[in-house]
Amino acid sequence: MDRADKQQPVLIVGGSLVGLSAAMFLAWRGVPTILVEQHPGSSLHPRAIGYTLRTIELFRAVGLDVSAFSDKFMSATGGKLRRARVESLSGKWFEETLWTPEDSAKKENDTTEVEYSPCTSHGIAVAQDRLEPLLRDRAVQLGAELRLETELVSFEQDDEGVTASLRDRRRKSGEIYSLRASYMIAADGNRSSIREALGIERSGRGYIRTLGSVLFRASLDEYLASGVRQFDIDHPDGFKGFLTTYGDGRWVLMYSVAKDNTEKPDEATLKAMIEKAVGRSDLPIEIITTGQWEMNALIADRFSSGRVFLAGDAAHTLPPNRGGYGANTGIEDVHNLAWKLQAVLSGVSRPQLLDTYDAERRPIGWLRLRQIFARSDYKAHADSNNVETAVIEDIAMEIGQLYRSDAVLGAGEDLPSAMRPDQWKGQPGTRAPHLWISKKPSSEPISTLDLFQKGWVLLAGDEKWVSAASESSRQLGVDLACECIGTDFIPSSSTEKDLRENYGLTGQGGALLVRPDGYVAWRAVDLPSDPTDTLTAALGRVSHAKIHS
Ligand SMILES: Cc1cc2nc3c(=O)[nH]c(=O)nc-3n(C[C@H](O)[C@H](O)[C@H](O)COP(=O)(O)OP(=O)(O)OC[C@H]3O[C@@H](n4cnc5c(N)ncnc54)[C@H](O)[C@@H]3O)c2cc1C
């Protein structure tokens, strides 16, 4: 029965957006990883299409550039995803509804995004079934092993690891074999059998409604010329639906279905609905597939249990919204987890570091859930827990959320959950801000983000930190690079004073400790009297270094 006697470091269950991202991030960090996915490939239903700035940054950091997927229709209108309420595509168009209506006035004139990041998410639209093969290829290129058509049947865990029973679905015999791993990531979706086996309950707004969907191909590009690509169908005869395109000739029409209705509409009924939404009956329509899904807003009560970690929809199921929180939140989950697993598996950090995954990511799930109901699309569905929530602007939601945990020092309870990077200014617990710099001796501009996301980095405002960093690193066994402002790099599009201000290094010779995921772990505004001791104490605590007493 045993195919692999050797204990593997990480087993990932689920090979959709989140599982594949986990495999890619772990493999990039050199962690041997096996991913199992029960299906042979991606779901026929593309689902996600919009990605946050943070997701694009995370992909960029591991060498996956999705900027080539700029959507010609969205690019033509400055990259905004626009939506209109219409009678039908060819019928009367009523009003346009903006991306995030509540801060649209600011966002419409906002040209500052490039300054927040070296990336842009504007205009990038990649259907999930087109993105997943890219993630698969990159994960394999980096050394991950993907086992498609392999199903997790059951698992057990003990103090040393997880034993998974896997079925190779390609074999008629249905052979089940076991695989032993130190840790398991459950990226097995909303209905996660792993979450259920662990007995982890979920809380939140819960069931919202059931939707039917039909994915079809038709020549409808002429209706995209104005840049609107999502249509709320509000037909005079009472038919309501949501019609959107994947920008490649494929369209999806979604419509409400009664809860627990299992009756599938026949092809003639589907075509009639599509024709009503389009307002024409003269076009050839090819139906690709149909689906039915429940819209839920639920967060798992724990994101981990022992050696098993929930990620993506298994951990939080969020209704599709115009901030694109669903898949993007999951991608950030596994980015948060990957460096922690690597640190623990390499023996540098104590396993307690892994407890910070739940501490950091579960509040983000809740923050995003509450934001969805604070915004107009879902306001009508808000329950008493959410009605008072103020809308947070998109840029703050995407790259300005705050982590509080034992892997951060100085993120107090009094701080807001999310703000723009220019408001945070290097606050511990937030993503270290982007600025253009030149790393000596090159004059080529790079982003400060390019200094981070590999290992620990001390961004130092005084050369005295250089020896402190190397001594702390030696004492704790934690790899720590020191990047000294003015000596190792200089700002290329701002002044040194701006750079220090953006990082909150406004005192005398302070320093900022950045984690391997690009988040600020700790900051000393001024140079302390004993930089080595101060840094060793801080790094020891936030990295959970084994050697740190
Ligand atoms: C209509 C629609 C539009 C959306 N648009 C967006 C968007 O624009 N932006 C966004 O961020 N999100 C969007 N989402 C949400 C997004 O699609 C999901 O959040 C995302 O797919 C979740 O990814 P996941 O990997 O966590 O789970 P899933 O995509 O559900 O994948 C789980 C995987 O695990 C596999 N699996 C399950 N059990 C086992 C097992 N026992 N053994 C092996 N494999 C197993 C499944 O086969 C599946 O491939 C949208 C969702 C919908 C429905």
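The exercises below, each with a worked solution, concern a predicted model.

**Exercise 1. The ligand and its shell**

Determine which residues come nearest to the ligand, which polar atoms lie beside its oxygen atoms, and which elements supply the surrounding shell.

Solution. Begin with the list of neighbours: 29 residues surround the ligand, and those that come nearest are Ser-16, Glu-37, Asp-313, Ala-327 and Asn-328. Sorted by class, the shell holds 12 nonpolar, 12 polar and 5 charged residues.

Next, look at individual atoms. The side chain of Ser-16 places an N or O atom 2.7 Å from an oxygen atom of the ligand, and the side chain of His-39 has an N or O atom 3.1 Å from a ligand oxygen. In Ala-327 it is a polar backbone atom that lies 2.8 Å from an oxygen atom of the ligand.

Then consider how far the ligand is covered: taken alone it exposes 1000 Å², and the protein buries 87% of that area. Finally, assign the shell to elements, where helix 1 (17–28), strand 2 (33–37), strand 6 (150–157) and helix 9 (325–345) each give two or more residues.

**Exercise 2. Two aromatic pairs**

For the pair Tyr-403 and Tyr-519 and the pair Trp-465 and Trp-522, work out the geometry and state which parts of the chain are brought together.

Solution. A pair of aromatic rings is described by the distance of the centres and the angle of the planes. The whole structure contains 9 aromatic pairs. In one of them, Tyr-403 and Tyr-519, the centres are 4.3 Å apart with 15° between the planes; because planes under 30 degrees apart count as stacked, this pair is stacked.

The second step is to place the two tyrosines. Tyr-403 lies in the loop between helix 12 (394–399) and helix 13 (421–424), whereas Tyr-519 lies in the loop between strand 22 (509–514) and strand 23 (520–526), so the pair ties together parts that are 116 residues apart in sequence. Both Tyr-403 and Tyr-519 are buried.

Now turn to Trp-465 and Trp-522, whose ring centres are 6.2 Å apart with 75° between the planes, an edge-to-face arrangement. Trp-465 belongs to helix 14 (residues 464–476) and Trp-522 to strand 23, and this pair links distant parts of the chain, 57 residues apart. Trp-465 is buried with a relative accessible area of 0%, and Trp-522 is buried as well, at 9%.

To complete the aromatic survey, note that Tyr-183, Phe-303, Phe-309 and Tyr-357 form one aromatic cluster.

**Exercise 3. The surroundings of His-45 and Thr-536**

Establish whether His-45 and Thr-536 are buried or exposed, and find what each one touches.

Solution. Start with His-45, which sits in the loop between strand 2 and helix 2 (53–61). Its relative accessibility is 15%, so His-45 counts as buried, since the cut-off for buried is under 20%. Apart from residues up to four places away in sequence, His-45 touches Ser-213, Leu-215, Val-252, Thr-289, Thr-290 and Gly-291. With Ser-213 there is also a polar contact of 2.8 Å between the two side chains.

The helix that follows this loop, helix 2, is mostly covered, as 7 of its 9 residues are buried; among them are Leu-53, Ile-56, Leu-58 and Phe-59, together with Arg-54 and Glu-57. Just after helix 2, Gly-63 has a positive phi of about 80°.

Thr-536 is treated in the same manner: this residue is found in helix 16 (residues 531–543) and is buried, with a relative accessible area of 9%. Beyond its neighbours within four places in sequence, Thr-536 is in contact with Ser-472, Gln-475, Leu-476 and His-548.

**Exercise 4. Backbone features in loops**

Describe the backbone at Pro-441, Asp-260 and Lys-425, and locate each residue.

Solution. First, the peptide bond from Lys-440 to Pro-441 is cis, with omega near 5°, and Pro-441 is in the loop between strand 17 (436–439) and strand 18 (445–447).

Second, Asp-260 has phi near 70°, a positive value in a residue other than glycine. Asp-260 is in the loop between strand 12 (250–257) and helix 8 (267–278), and at 61% relative accessibility it counts as exposed.

Third, Lys-425 likewise has a positive phi, near 50°, and is in the loop between helix 13 and strand 17. At 36% relative accessibility, Lys-425 counts as partly exposed.

Technical notes: Residues numbered from 1 in each chain as written. Heavy atoms only, no water. Near = heavy atom within 4 Å. Polar contact = N/O pair within 3.5 Å; in protein donor to acceptor, adjacent residues only side chain to side chain. Areas by Shrake-Rupley, 256 points an atom, 1.4 Å probe, with all protein chains shown as cover. Helix = DSSP H or I, 4+ residues; strand = E, 2+ residues; numbered from the N terminus. Nonpolar A, V, L, I, M, F, W, Y, C, P; charged D, E, K, R; others polar. Buried < 20%, exposed > 50% of the residue type's maximum accessible area, 1.4 Å probe, protein only. Contact = heavy atoms within 4.5 Å. Phe/Tyr/Trp six-rings, centres within 6.5 Å; stacked < 30°, edge-to-face > 60°.
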